[in-house]
Amino acid sequence: MTSLRVDRLVLREIRLPLRERFEISSGWVEERRILLLELHHPDGPVAWAECVAGERPNYSPETIDTAWLAIREWLGPKVLAHTFPGPDALAGTLADGIRGHPMAKAAVEMGFWCMAAELEQVSLARRLGGTLERVPVGISLGIQGSPGDLATKASEAVVQGYRKVKLKIRPGADHDYVAAAREAVGPEHGLAVDANAAYTLADTEELRRLDDFHLMMIEQPLATGDLVRHAELQARLQTPICLDESIVHVASAEDMIALGSGRIINVKPGRVGGLLAARAIHGVAEAHGMPVWCGGMLESGIGRAYNVALASLRNFTLPGDLSPSRRYWERDIVEPEWTMTGDGFVVVPFDVPGLGVDVNVDRIDDLTVRTEELAPRGSSDSPAPSP
Ligand code: OSB
Ligand code: MG
């Protein structure tokens with residue numbers, strides 16, 4: 001077997017306009033600035049990966065620019081021209097002496113998983129141990145101008161087949177919006193809300209009023225570090241709490257379970273430093289009978305491929321934020337684009353090696369606004385930015 005090794009790492013920034021503005025409690029985005037990584041094996045194979053960090057630090061402290069710096073200065077040099085026994089060895093190497101920067105680490109680590117799958121000519125989903133052939137899909141709707149606008153979007157989503165409709169909320173744009181959406185989707189349809197950490201325990205009564213709408217979950221109502229406070233809140237709510245931002249590694253998932261800080265986990269590989277940790281969190285949750293689902297970060301089709309592969313693990317039973325390419329982009333950067341069946345599933349491409357989709361390099365070239373190539377230290381001068 002060819003050894004797992006990368007001798008050239010190319011960072012690229014592309015700009016991809018969203019078809020519609022996406023607003024959450026802490027900010028909004030109209031055009032994604034996306035960091036892509038190209039990992040080159042000495043024998044020719046290339047793996048593509050995506051860093052999910054946003055342009056501004058409103059979801060977590062990382063941004064595309066901090067990730068670029070971390071990969072160029074610390075993470076790239078640690079892995080380049082180094083032979084790994086397998087992709088599960090990457091996370092430990094990247095953690096050694098480098099704190100934080102989980103999204104930057106995840107991009108590198110995930111690229112090695114894809115490279116391993118390519119070298120072994122198996123799909124990433126199979127390489128990870130996935131078994132689900134199709135995964136249920138939910139839509140995440142940004143905060144809209146009015147409850148009526150949200151109701152329209154929510155009913156459209158139901159017609160399209162989405163199995164869960166998630167609404168972004170914030171103080172002042174919650175109860176009336178949720179009421180309008182519940183009315184629009186009907187009493188039985190899966191409905192959820194995501195506050196992106198916009199509330200405090202002082203809002204408990206306001207949040208308790210949402211119990212009337214029989215939501216599948218309320219995602220991340222309180223701040224990232226608030227595991228104890230989430231436990232207090234969960235004890236006072238009927239609606240299950242799902243944690244997103246708070247779950248940053250396996251230990252926070254264990255702590256959440258021990259404390260009763262919630263009943264569901266949103267797993268995002270970028271948030272936890274990569275696929276190894278994401279899979280381990282999935283396993284901890286499964287051992288405690290807790291369902292998980294795969295979250296999204298408005299990824300391009302490359303990042304989405306990793307999420308779909310992860311979501312094929314057997315405890316990903318709840319609908320994931322795995323919307324088809326058309327929901328986000330006029331045109332994606334992979335072929336075929338990601339699609340959803342009429343009954344709301346994404347089909348896992350088990351029979352295609354690697355990502356399961358082809359990367360459209362010509363289109364990426366057209367969209368690229370910045371490139372930097374990292375070669376092993378010593379083999380050339382310091383990394384040289386291209387024009
Ligand atoms: O909290 O899940 C979130 C997008 C950006 C930042 C945070 C979140 C989201 C989403 C989008 O909800 C989900 C998607 O990719 O469709
Ligand atoms: Mg969330």
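The following exchange goes through a predicted model, taking its ligand, its nonpolar cores and two of its helices in turn.

Biologist: Which residues come nearest to ligand 1?

Modeller: The shell around ligand 1 holds 16 residues, and these divide into 5 nonpolar, 3 polar and 8 charged. Among the 16, the ones that come nearest are Ser140, Lys168, Asn196, Leu298 and Tyr328.

Biologist: How many Å lie between an oxygen atom of ligand 1 and an N or O atom in the side chain of Tyr328?

Modeller: Polar side-chain atoms meet oxygen atoms of ligand 1 at several residues, including Ser140, where the distance is 2.9 Å. For Asp244, an N or O atom of the side chain is 3.1 Å from an oxygen atom of the ligand. For Tyr328, the corresponding distance from a side-chain N or O atom to a ligand oxygen is 2.6 Å.

Biologist: What share of the accessible area of ligand 1 does the protein cover?

Modeller: Taken on its own, ligand 1 has 390 Å² of accessible area. Of that area, the part covered by the protein is 96%.

Biologist: Which helix gives the most residues to the largest nonpolar core?

Modeller: The largest nonpolar core has 125 residues, of which Ile71, Ile265 and Ile302 touch the most other members. The helix that gives the most to this core spans residues 102–120 and supplies 13 residues, and that helix is α3.

Biologist: How many residues are in the other core, which lies apart from the largest one?

Modeller: Within the largest core, Ile265 touches residues that include Cys242, Leu243, Met256, Ile281 and Trp293, when residues up to four places away in sequence are not counted. Apart from this core lies another, with Ala192, Met217, Ile264 and Leu318 among its members, and its number of residues is 6.

Biologist: How many of the residues of helix α11 are buried?

Modeller: Helix α11 runs over residues 301–310 and is mostly covered. Its buried residues include Ile302, Arg304, Tyr306 and Asn307. The count of buried residues in this helix is 10 of 10.

Biologist: Why does Gln160 count as partly exposed?

Modeller: Gln160 is found in helix α5, which covers residues 147–160. Buried means under 20% relative accessible area and exposed means over 50%, with partly exposed in between. Gln160 therefore counts as partly exposed, because its relative accessible area is 44%.

Biologist: Which residues is Gln160 in contact with, leaving aside its neighbours within four places in sequence?

Modeller: Gln160 and Ser246 are 86 residues apart in sequence, and their C-alpha atoms are 31 Å apart in space. The residues with which Gln160 is in contact, once those neighbours are left aside, are Met340, Thr341 and Gly342.

Conventions
Residues are numbered from 1 along each chain as its sequence is written. Chains are lettered from A and ligands numbered from 1 in the order in which they are written. This is a predicted model: local features need pLDDT of at least 70, side-chain atom pairs count only at pLDDT 80 or more; totals for chains, interfaces and linings use all residues. Side-chain values use heavy atoms; hydrogens and water are left out. A residue is near a molecule or strand if one of its heavy atoms lies within 4 Å of it. A polar contact is a pair of N or O atoms within 3.5 Å; within protein, one must be able to donate a hydrogen and the other to accept it, and residues adjacent in sequence count only if both atoms are side-chain atoms. Accessible areas come from the Shrake-Rupley method with a 1.4 Å probe; for residues, only the protein chains shown count as cover. Ala, Val, Leu, Ile, Met, Phe, Trp, Tyr, Cys and Pro count as nonpolar, Asp, Glu, Lys and Arg as charged, and the others, Gly among them, as polar. A nonpolar core is a set of buried Ala, Val, Leu, Ile, Met, Phe, Trp, Tyr and Cys residues joined through side-chain atoms within 4.5 Å. Buried means under 20% relative accessible area, exposed over 50%, partly exposed in between (1.4 Å probe, protein chains only). Helices (H or I, at least four residues) and strands (E, at least two) are DSSP runs, numbered from the N terminus. Contact means heavy atoms within 4.5 Å.
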